[in-house]
Each structure stands twice: as C-alpha cells, then as structure tokens.
Amino acid sequence: MSYQKISLNGVWEIAPGEKKPRDLPRSVPVPALVDAAEPELSWEKYDYFWYRTVFSLPDQVQFEKVYLQLEQVQYGTEIWLNNHKIGGDIPCYTSQEFDLTPFINSAGENELLVRVGAKHTLPEHAAAGQDFEKIAWIPGIWGDVWLHLYGTGRVEWTRIIPDLAEGKIRLHSEIENFSEKEQLFAVQYRVREKKNDRIATTCPPFNLQVPARSTAALDSEIALPDFTPWSPENPFLYVLEVSLVHREQVCHQRELTFGMRRFEVRGRHFYLNGKRRRLLGGNIPFHRLLNDPRRGALPWDMEWVKKAFIDIPREHNMCFFRFHLGRAYNRWYDLADEYGILLQDEWMFWTSTGTAEQIEKEFRAWLKEHGHHPSIIIWDPLNESEDSCITKEIVPRLKAEIDPTRPWEMVDFGEDHPYIYSLGPVLNGEKFGYSRSIFDLQNSSTPVMVNEYNWWWLDSAGNPTPLTQIVMERWLGRNPAKEMLLTHQAFLISELTELWRRLDIDGIMPFVYLSCDGGMTANWFSGKLAELKPKPVLAALKNAFSPLGVSIELWDRHFLAGEQRAINIYLFNDTGSEQTVRVQVEFLPGEALPIIEEIFSLEDGEHRVLPLKLAFPPKPGNYTLRAGILNKQGAEIARSEKPVFVFAPVEWSLVGKLPSLVLLDNDPSQEIQRFLEKSGVAPRSLAEGIENARLVLINGSAIAGLDSAAVRRLTHFVENGGVVIVQEPESGAASEARFPLLKDLDLVVQPRRDEERGGYDSYVFPENPSHFLWNGIEPEHLRMFNGGLGGEIVSRHNVRPTAPYNAPARCHLSLRVPAVMEIPRGKGWVVISRIQVRGRLLPAGLQSSERPEASFPELYRRRYDPAAEQYFRNLLAHYAEQGAYQREIRQKISPSSPYIAHLQSSSGEIHDPGNGSLEIHWGGRIQKPQWIRMDLGKRIQLHQLIVAGDVVFPRSVEIHTSDDNRRWNLFRRISASESQILKIPLQNLSAQYLRVDCLENGGKGGYSIWKIKIE
C-alpha cells in the first residue's frame, strides 16, 4: 500500500448538551469555533458540544492503521467512531491522535462523533493556561482534521538541524513499528527546493531494525551543498521528504518544510545566520483575536491571513511577531515560513496551570510538531509570571533532548514590558512593572527585548478601551477629541520606538498589532476587521521602524530664542547592505535654509551618532524640529520630529510687586535665594519678622523645621491677609510625615511605591488656562519640563492638606492628583505648589537632588526651563492681590462638604480622593481583617456611606469612629447586599475619624472595593 492522508475539514454537524444527541440540527465549519454554528448557538450556556461528520475511505484501500489527528481542539475531547468510544484527550494547542483501526469501516460510511468541552470541564492537571484579559474561552475544533492511513509503521517524528558551517542537515527520526513482530524498515530522505521542486540532494536509504510494537531512533546526516540560507529578506525553503518503506511498500511518507538558518543568542545580541539581527515587529494574541465578534472565519481564510500577517506588516517594516498567550492556527506558521516572518511562539501561560508531567508532555509535543518551522526562532513558556519548574527543569530537558537550536525567553534572555509614557512615567530610571530601568536595558549582559509597550489602545471606532480609559486624562486632559486619541497613539509609538532604537535594543515589539477589538487592548485597525484599514499608529511605526532610519535625541521642550544647544541625531542602517543617504535637519515652520543638509555613507548594521550644534529660532513661538533621511532622488525615506517651544528671555523682575518676602529654605544650592536676588528681591528670614511682609515662601524640606511658635506666627500672618506658599514640600521625603503649617492646617506627605498608579507625572493640566498662574504659559507648556528623567513636573508622592482646597492644576490618573492647591484662610492664602522648579530656575541649571548625579548622563540632568521660571514668577507675584478670587474659591470649597484629609488602608496602597463626594479604588490583600481609615480633617456631620465592590465583596462591613485616631468605637455592623453595593445611613453621625472594616469575604484572596463615597 501507499500511505494516504485525507482531510476531514469542511462543514460538520453540531449540537450542544451533556448527552450524546440523536439529532444535530446545526452546521459548523471545521476548523472554526462553536460560535460559528448556524443557526446561531448560545454556546455560553453549555458545557459540551457534539461534532459529527461522515466519511468513507478510498476504494480498495489497504492499511495496517488508521489514525485520526485533530491538530488543534479545545477544551478536551471524547471520540466515538461508528458508535464505539475510541477515547479522549486534553491538549488544546497541540495535536490529539486516536487509533480508529478496530472500528473503521473500510467499505462504507463511517460516523465520527467528537465531543468538545468548555474550558472549565478540563481536569485540574490540564495545561490550558490563563489569560486574564481574554473575554471568553470559546471551545471548538479550531485546527485541521486528518485521517492517516499507515502501513506497517510510521515516522513518528523527524528533527531537522541545519548546519550552515558544514553545509548539511543533521536528522533524528523516530520510527514506530505497528507490527507484533520485529521489522526491518528502510528510511529514505530526499531534499527538494520548495519553490520549484528541484531536487537539492538525495542519499541512499538507511536501514533500521525496529522491535515489535516499539519505536527506534535513527540519526543521520545529509550533505546540502550550495544551499541558500533562509532569512526574512530571502525566505528560501526546502522540503525534506521522509519515506518509510517496508517490503517495497511505502508505509508512511512525511514532508517537512525547513530553512537553512541558524538563530542564536551570542553574548548581548541575537544573531541570524552569523550576523547580528535586530527584531522589529509586534504582538498577536491569536486567541484574543478569536474572541472578536467580527472575526467570523477570517483567521482560517488564508487570503485574509496573508494580508493581515504578511502584506501589511511588510509594508510597515515589520518582520517579527510574538504569538502572545497561545499558539496560532497552524497554517499561519506555514505562511511565516514562506514569506519570511520571524516568530516568538508563546504558550498560553499567564501563570501556569496543570501538573508538571502534563506541561512537559504538551511542551514536548509542541516542539516536536513545530520545530521544523524556520520562522519560529524563539520558544516562550510564560508571560509576566514565573514557574521555576518550567524554567529550571522542563525547559533545560527540552533543550537537551528535543530542540538544542533555539533560545527560550525567560531562560536564555528576558523580555521587558516598559509601559512608560502611557501607563507610567515618561522615562524611568528604576524598575517599572515588568521592565528594568532604561539604564539597566543599556547595560544588559543578554539580548534586550522590549516585548510590550505603548499602553494606548483604541477600538475600531477610535474609542479608548477600558485600559486606555484609566490613563487617557493623564496624558490628554479631560474630554479629548477622538482625533487626539489617534494622534497621541501614533505620537507615543514614535517617541518610544525611536528611544529603543537609539538604545540599540535587540527586539522591539509594541503592543498590540492584532487582537480582539472589544477587548482590553483592541488592535491597530479601524472599521471592519475584514477590510484591515490601518490606524495612524501603523504609519508612525512604519516610519520609526524604517531600516534606513533617523531619530532626534531631544527630551527638552522649552528653549530661549536664539539659544545654542548641542544635540545628537541618530542614523540607522539595518538594510543588509551599505547605504548612502542625505540627511536634512530643519525647524518648521522656518524661513531659513536647513540647519544641516549633508550626505552620509552608512555601513550595513551601522547605528551612527551625529553630534549637532543647534541654534534655536530667534523668534519666540511653537516649532517642530525635524530630521529627515532622503534617497538620491530627494524622496524622504524616514523622519523624526520633536515639539519645540521657544520663549523670549524674561526681563521684568519682582521688584515693586512684592515689597517684602520671607524665605524659609534648607536647600544647600540656594537656588531660590539666587533666583530671587537675580530678580531684584532681597528675601528675609523668619527670624527677621513677617509682620510687614505680604508673602512667606517655604521651600522644600524647610516645612519640617516649623516649630509651634512659627506655626502661630504663620497662622496670624495668613488670617490677616498674608500669603504662605509652600513649594514642593515633599522634596526629599522618604517616609510618611505630617507637618503642622497653621493652627488648624497640616500637610501629610506620603511617598508612593505604586509606580503604575502613582509614578511621577510629566504632564499637568490647568483647570482654567486664563488663571493668573498661567500668564505667558500655554497648556502645552505644562507637558514635560526640561531635564530630569522624563521631564517630571510632579513627584511620586501623595501630598494632602487637612483642609479642603481648590486645585487650579491637576495631573495623574483621572486627574486625581492636585499639582497646585489653593486654601483660603482668613483674609489670606495658603498655596501648595507641587510643580517642580528645582534645577530649572537658573540658566546654569542644577542637577536634581532626588537621585545621585552619577546615575544620570547629561541628557537627563535638570536644566534651565523658561516655562518653569515663568510659572514660579506667576506663583510669587499674584496671590497677594486676589480678594475677589479668594471669595470665589472660598464659596467653591464650602467647609460643609465631606473631605478626606488623610486615608490609609491595610493594604498599604496610596489613594487619591478628591473633594466633595469621594471615590477611591482599593484592591485588598489577603490578610484579614482589612480596613480603610479616613481622617476627615475635623469633626463633621455625615449622612451616608456608600461602599461598592465586585465579586470578592465583603459579606459584612463594620463602621467605627474615633476622635483621636487611637480609641475606636463601633458605630454599626452591616451585612452586604447581593448587589455588592452598600448604602449605609449614618444618621448625621459626627466624627473626624472613620474606619471601615471588611469582614467575611467569599473569595480566596482579599477584598476588592471600587468605591467609597461619603455624603
């Protein structure tokens, strides 16, 4: 006989239910998922689904074995053939195989019934994995289905290891003997070129004696002279034909496509075919894509797949993808081989599931089935989680026994997910979430892969996803237009991708190219999924990924007219050959000739730094600094653009506007002192008296030195019309502190450790741009100051007065953090300014005192900033003459409104409650009991407390009160409602301190409270 392989793909019948159905009234395509059934099936209501098809074998076929192969099916199967139960299995991403031989009907029809389960029906030892952002786990037969008609034996597995140095391939085949007797098999190898079927090499057959019902291994080498290496630029493929012959009959024949390529980690970098390779691309969470309600049959439509996976990425300079959290449909890998897309293949483990034995079993099948694909260059076992059994035990065994050729992420190198400039700060000199600092990335001893960044996801209509919603206001202010959202997404990806290229990162993969439109991260396409209309972010990425690329290294935003500045322009050549380009640098709009227009020759792989002495425009205004690379015909290949705001030097002084000024300052650099003297103001000390002063400026840590006598003097001073400005009271604070300021006003300073929710802020938004604080300052000028890592403006602290305030500027998530706080007191003011002017007031510039200078290259030092200077002058100049404005603010922050002066929780998290009605988000830890404690600033009457949560809502809540934050009295204990919202009448309870204890939750972990509202 000759081996035959028969496809069972097509339209099957389907029915849901626990028991084997008599009728299957719906149809479903295979491969697909159960939600593709027609008529429509409410699949969420069922635990099991029954697939049925009927097939016949070819006439007069001869065979020893008939195997059914389900390439990919989830979640768990049971198989019946002709009403006989065959068995079942649980792999979801690798093949399931079943021996149909005992019950096959070779002369007529065969009824095949496959029961598929919902994910929760899998046993505990299953390695199906987790994805915490996946909308639904839809079951179904989502891979190809085959019948294999074998003779006496089969080639169970063949491993191909290309040896480029010797011009040969090393083969390892495992031959299975189905017979009850020992058999002699001949194994024949032949290699042909896939493109034209030309025979590349042949060799004599190898004989192998295989014991009865056993498997034996055959190791051999085949010369492949004059081979063509496989690469993204030239994805040259070969086909290995493996024929198993017994008594001149072909028992089995396999064809394995492979490429002559070698990918390796060598020191700090990746190498492909002996040459350093930078990996530029993106991420495809394939199983989230399967959740997209618009996807239909698209993931199995190879014409659409080619456009989505090959054509559009190639058009946008992308040649590398991570299949994130689960393998793709197998035919995607075939396309990647054919068209030269490099892949990092990641298992569905965002935290592992299942037993070590099952994980290793499925991992072995994964590598054996797909190790021949040249497109797969990296195996990836886990996402953002750890499992030492996998990384220290299973993977080393697999590297030794199955695939010694490919590196593993988390074992041979790590990947970083730097969600800066969106979720977190603009830049970060410390570890942030799942990423090292940018300095650690620069100094890494292994290849660096930035595998996720750009936390800015918009759905197909341009609306923010839930994960973007929480950060949107932080970067664009309130109610941004949809066009702003799309523009900002493109801006972010340009800024960060250029940064990673300047740092010479080995792998750069923003998140996320193709995913579920209705999910947390959406994708980079607008409109109908079938049409694949790219969003602007893809055009921006095309430019930033240009093999011939350019980038301006400039994080500062504010400059003086005519200022001279040294900057760097970076040129990249990743084309594979030497290139000659014309570089043009100019200001737009501009009337003069370009700053530079010069021709450069760049070697292959060269990343050149071009130092440039730059003269900024002589006329104040808003500009764009633009650098472009042009070809010989003058057409632009790539560009880099940076916003530039040019200011006229400030010539006026504060003389006459502030007749007297008292300064409290512990800064050794005396920056404020020198700034005031430069401005014509001679500040006095507190000891010299404040009776005739109009303004007291307390800078930085000087607030900690106020004694009770100073507090009394300041209280009297403010009540009689004086202004006290506290500038950056958190400066240098490493632990929580409470500072008395006035008789009935303290400041509480809390350093934050939650970088994702409380990292420093580089963007500040004025509530009213016409406020006197912003004279000469446009809203755009409050988005990054000069110098400092990421141009930070507000530090990573919580600063909160014990009295209500008005915030003329805000920042952070949902703009919950006040950047400036105004508190009317008597006839005067207390103003707390968190906008950081340190190191930015004097043209000479001063290094930030927050971190050692040795940790910061010149690029990240703080330096003079005209916008910061203008703000500080406005801050000092105007509050003394604001009687009408003070009355307006006093009315706005009526003391009868509830106010949380200080908030603590058992979890240790920092919260940002606002004024009036208060909302916080609190995710409790496991320890019990758990509590939230509030200082209301003073005794106040309370009418109602609202506590709302989610599925791990407490079953009961206790409310306690206190007058001194030490001795607590139980006010009331309440049982939670089914709605997970408690509305608790407080019956005009009078209290300054309120504590909410959460008791008896139904979950394994801590509680999750989403809102606490006081009325």
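Select Leu279 to start: this residue stands opposite Gly507 in β30. The model on screen is predicted, so local features need pLDDT of at least 70 and side-chain atom pairs count only at pLDDT 80 or more, while totals for chains, interfaces and linings use all residues. Residues are numbered from 1 along each chain as its sequence is written, and side-chain values use heavy atoms, with hydrogens and water left out.

**Stop 1: strand β24**

Extend the selection to residues 279–284, which make up strand β24. Helices (H or I, at least four residues) and strands (E, at least two) are DSSP runs, numbered from the N terminus. Two strands pair if DSSP finds at least two bridges between them. Strands of a sheet pair through backbone hydrogen bonds, either parallel or antiparallel.

Add residues 507–508, strand β30: β24 pairs with this strand in the parallel sense over 2 bridges. Then add residues 320–323, strand β25, which runs parallel to β24 and is joined to it by 4 bridges. In this pairing, Ile284 stands opposite Phe323 in β25.

Why is β24 largely enclosed by the rest of the structure? The reason is that 6 of its 6 residues are buried (under 20% relative accessible area, with exposed over 50% and partly exposed in between, for a 1.4 Å probe and protein chains only).

**Stop 2: a sheet and the helix on it**

Next, select β33, β35 and β38, an open sheet of 3 strands in the order β33-β35-β38 with antiparallel pairing. The edge strands, each pairing on one side only, are β33 (548–553) and β38 (607–615). From one strand to the next, the twist averages 25°. Axes here are lines fitted to C-alpha atoms, for helices over the stretch in contact, and angles run from 0 to 180 degrees between N-to-C directions.

Now show helix α8 (residues 482–502), which packs on the sheet and touches β33, β35 and β38. Contact means heavy atoms within 4.5 Å. The direction of α8 makes about 100° with that of β33.

Return to β35 (residues 564–573), which pairs with β38 in the antiparallel sense over 9 bridges. Ile569 stands opposite Leu610 in β38.

**Stop 3: the largest cavity**

Switch to a view of internal space. On a 1 Å grid over the protein atoms alone, a cavity is a set of points where a 1.4 Å probe fits but cannot get out, and lining residues have an atom within 4 Å of a point. Grid points are joined across faces, edges and corners, and a volume is the space filled by probe spheres set on the points. The count comes to 8 cavities of 30 Å³ or more.

Select Arg159, Ile160, Gly371, His372 and Arg406: among the 23 residues that line the largest cavity, these lie nearest its centre. β13 (153–163), β20 (249–258) and α4 (356–370) are the elements that give two or more residues to this lining. β13 supplies the largest share, 6 residues. The space in the largest cavity is about 230 Å³.

How many residues of this lining are nonpolar, polar and charged? There are 11 nonpolar, 6 polar and 6 charged. Ala, Val, Leu, Ile, Met, Phe, Trp, Tyr, Cys and Pro count as nonpolar, Asp, Glu, Lys and Arg as charged, and the others, Gly among them, as polar.

**Stop 4: the second largest cavity**

Select residues including Asn798, Tyr805, Arg834 and Asp912, which line the second largest cavity. This cavity has a volume of about 60 Å³. β47 gives the most to its lining, with 3 residues. The lining has 5 nonpolar, 1 polar and 4 charged residues.

**Stop 5: strand β45**

From β47, move to β45, which runs antiparallel to β47 and is joined to it by 5 bridges. Leu747 stands opposite Pro801 in β47.

Add β44 (residues 737–742): β44 and β45 pair in the antiparallel sense over 5 bridges and form a hairpin with 2 residues between them. Colour the two faces of β45: Leu745, Leu747, Val749 and Pro751 are on one side, Asp746, Val748 and Gln750 on the other, and all are buried.

**Stop 6: Tyr871**

Finish at Tyr871, in helix α13 (residues 866–878). Tyr871 is buried, with a relative accessible area of 0%. Not counting residues up to four places away in sequence, Tyr871 touches Leu773, Trp774, Ile777, Val820, Ser833, Ile835 and Val837. Tyr871 and Leu773 are 98 residues apart in sequence and 6.3 Å apart in space, C-alpha to C-alpha.

Terms used: 1 Å grid on protein atoms, 1.4 Å probe; cavity = no way out; pocket = protein on both sides within 12 Å on 5 of 7 lines; lining within 4 Å.
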